Amino acid sequence: MRNRKYLAMVPLLAGAAFMASVGVSAAEAKYTIGISNTVQGNGWREEMICAMKAQALASGEVTKLNIAHRNTDAAGQLEDIRNLISAKVNAIVVNPADPAGIKSALEEATKAGIVVVAVDQAVTEPSAYIISNNQEQYAYLGAKWLFQQIGGKGDVVYMRGAAGASADSDRDKGFKKALAEFPDVKVVHEVFTGWQQDQAKQQILDFIATGTPVNGIWTSGIDNVIVDALVESQTPLVPVVGADNAGFVGQLNSVEGLVGAAVTNPGSIGGAGVTLALQILNGKKPAEQTVLVEPQLWENATEEGKAKLKGAADPSLSPEWPVSISIPDWTTYTKEQIVACKGPGE
């Protein structure tokens with residue numbers, strides 16, 4: 001089993017978790033970093049990429065980013081990673097489509113002397129480092145809150161992420177852990193959204209059209225469009241759980257009659273992944289192979305929760321971007337830099 005270090009959301013990822021060793025100084029080091037991501041058209045992933053660009057620029061240590069950012073499967077990502085290896089990048093920061101499907105390429109990268117850091121989701125290659133939001137706990141917190149909110153019984157819609165993705169598998173564990181604690185809660189509809197906004201909205205509209213009654217909806221971070229669908233179809237609002245996306249946080253603050261909870265899942269973990277890769281390249285290795293960021297839940301059913309949501313709201317961001325645009329001790333860019341989404345040389 002991998003060594004893991006669990007860290008609270010605030011402060012996120014303390015620098016004390018790392019132990020220094022002798023290496024090349026930051027002032028001397030100039031690196032090329034490869035990035036591999038397999039989902040486009042998703043606000044969370046776009047923020048992740050922008051955080052990577054912004055942190056690479058802010059660090060002053062990266063001369064170039066080699067980015068493979070497209071909609072593809074594990075086979076396509078395997079090809080992308082091998083292309084990055086051929087390009088002789090110094091490090092690869094990867095959000096894996098399927099841990100087992102890309103294991104061989106990650107092993108090849110390590111053997112080639114390339115630092116491998118997985119963000120957002122775990123990988124099975126033991127030589128890789130992982131810095132990720134705690135996906136199992138993300139689902140457990142939101143699902144438990146939802147089941148309690150509906151009185152411990154009733155029917156819910158379960159809107160998952162992408163089939164085969166390790167984050168989805170981890171979230172499924174968390175969701176089912178909560179479900180086991182509430183035997184009178186039943187899942188009446190389960191669907192994979194692929195973490196795509198348009199697809200998820202159509203899926204919930206199709207479900208609404210069946211006329212099946214439901215008491216609550218849990219989403220894997222595709223949330224504001226679900227609320228939009230309920231409002232536009234004039235369907236009675238039910239409790240909704242989503243992520244800390246700007247649009248959903250805004251809805252929880254403003255949509256009359258909407259009760260819901262946002263569970264933090266910062267896309268800025270991508271910037272933290274770049275920082276970790278640079279630290280390793282500069283001779284600093286983490287005390288633990290895996291670092292997990294612990295989520296928080298912000299709900300609008302209590303005055304305390306409403307205050308947290310109001311403080312977190314940022315209407316200037318894209319509705320699909322998480323409001324957690326930075327991670328203390330791990331990202332050094334400004335808001336302007338991440339929003340500009342420009343990396344070195346751009």
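Select Y158 and E190 in this predicted model. E190, in strand 9, is the bridge partner of Y158. Now extend the selection to residues 154–160, which make up strand 8. Strand 8 and strand 9 run parallel, and seven bridges join them. Strands of a sheet pair through backbone hydrogen bonds, either parallel or antiparallel.

**The sheet**

Widen the view to take in the rest of the sheet. How many strands form the sheet, and in what order? There are six, arranged 9-8-10-11-12-15. The sheet is open, and its pairing is mixed. Select residues 185–192 for strand 9 and 297–299 for strand 15: these are the edge strands, and each has a pairing on one side only. Going from one strand to the next, the twist averages 20 degrees.

Next, add residues 303–312, which are helix 10. This helix lies across strand 15 and also strand 12, residues 260–263. Helix 10 runs at about 105 degrees to strand 15.

**Two pairs of helices**

Hide the sheet and select residues 74–86 and 99–111, which are helix 2 and helix 3. Their axes are 8 Å apart, and the angle between the helices is about 5 degrees. Angles under 35 degrees count as roughly parallel, and helix 2 and helix 3 are therefore roughly parallel to each other.

Show the side chains where the two helices meet. On helix 2, pick A74, Q77, L78, I81, R82 and I85. On helix 3, pick G101, I102, S104, A105, L106, E108 and A109. This contact of helix 2 with helix 3 has eight nonpolar, three polar and two charged residues.

Move on to residues 224–232, helix 7, and residues 246–254, helix 8. The axes of these helices come within 8 Å and cross at roughly 45 degrees. That crossing makes helix 7 oblique to helix 8.

Which residues of helix 7 meet helix 8? They are N224, V227 and D228, and on the helix 8 side the residues are G247, F248 and Q251. By class, the contact of helix 7 with helix 8 has two nonpolar, three polar and one charged residues.

**The cavities**

Now turn on a surface or cavity display. A search of the whole structure finds two cavities of 30 Å³ or more.

For the largest cavity, select W44, R171, W195, S220 and N265, the lining residues that lie nearest its centre. The volume of the largest cavity is about 160 Å³, and 15 residues line it. Which elements give two or more residues to this lining? They are helix 1 (43–59), helix 4 (135–149) and helix 5 (166–180). Colour the lining of the largest cavity by class to see six nonpolar, six polar and three charged residues.

For the last stop, select N133, N134, T264, V293 and P295. Of the lining residues of the second largest cavity, these lie nearest its centre. The second largest cavity has a volume of about 30 Å³, and its lining is made of 10 residues. Coloured by class, the lining of the second largest cavity shows five nonpolar, four polar and one charged.

Definitions and conventions:
Residues are numbered from 1 along each chain as its sequence is written. This is a predicted model: local features need pLDDT of at least 70, side-chain atom pairs count only at pLDDT 80 or more; totals for chains, interfaces and linings use all residues. Side-chain values use heavy atoms; hydrogens and water are left out. Axes are lines fitted to C-alpha atoms, for helices over the stretch in contact, and angles run from 0 to 180 degrees between N-to-C directions. Helices (H or I, at least four residues) and strands (E, at least two) are DSSP runs, numbered from the N terminus. Angles under 35 degrees count as roughly parallel, over 145 as roughly antiparallel, 65 to 115 as roughly perpendicular and the rest as oblique. Contact means heavy atoms within 4.5 Å. Ala, Val, Leu, Ile, Met, Phe, Trp, Tyr, Cys and Pro count as nonpolar, Asp, Glu, Lys and Arg as charged, and the others, Gly among them, as polar. Two strands pair if DSSP finds at least two bridges between them. On a 1 Å grid over the protein atoms alone, a cavity is a set of points where a 1.4 Å probe fits but cannot get out, and a pocket is an open set with protein on both sides within 12 Å along at least five of seven lines; lining residues have an atom within 4 Å of a point. Grid points are joined across faces, edges and corners, and a volume is the space filled by probe spheres set on the points.
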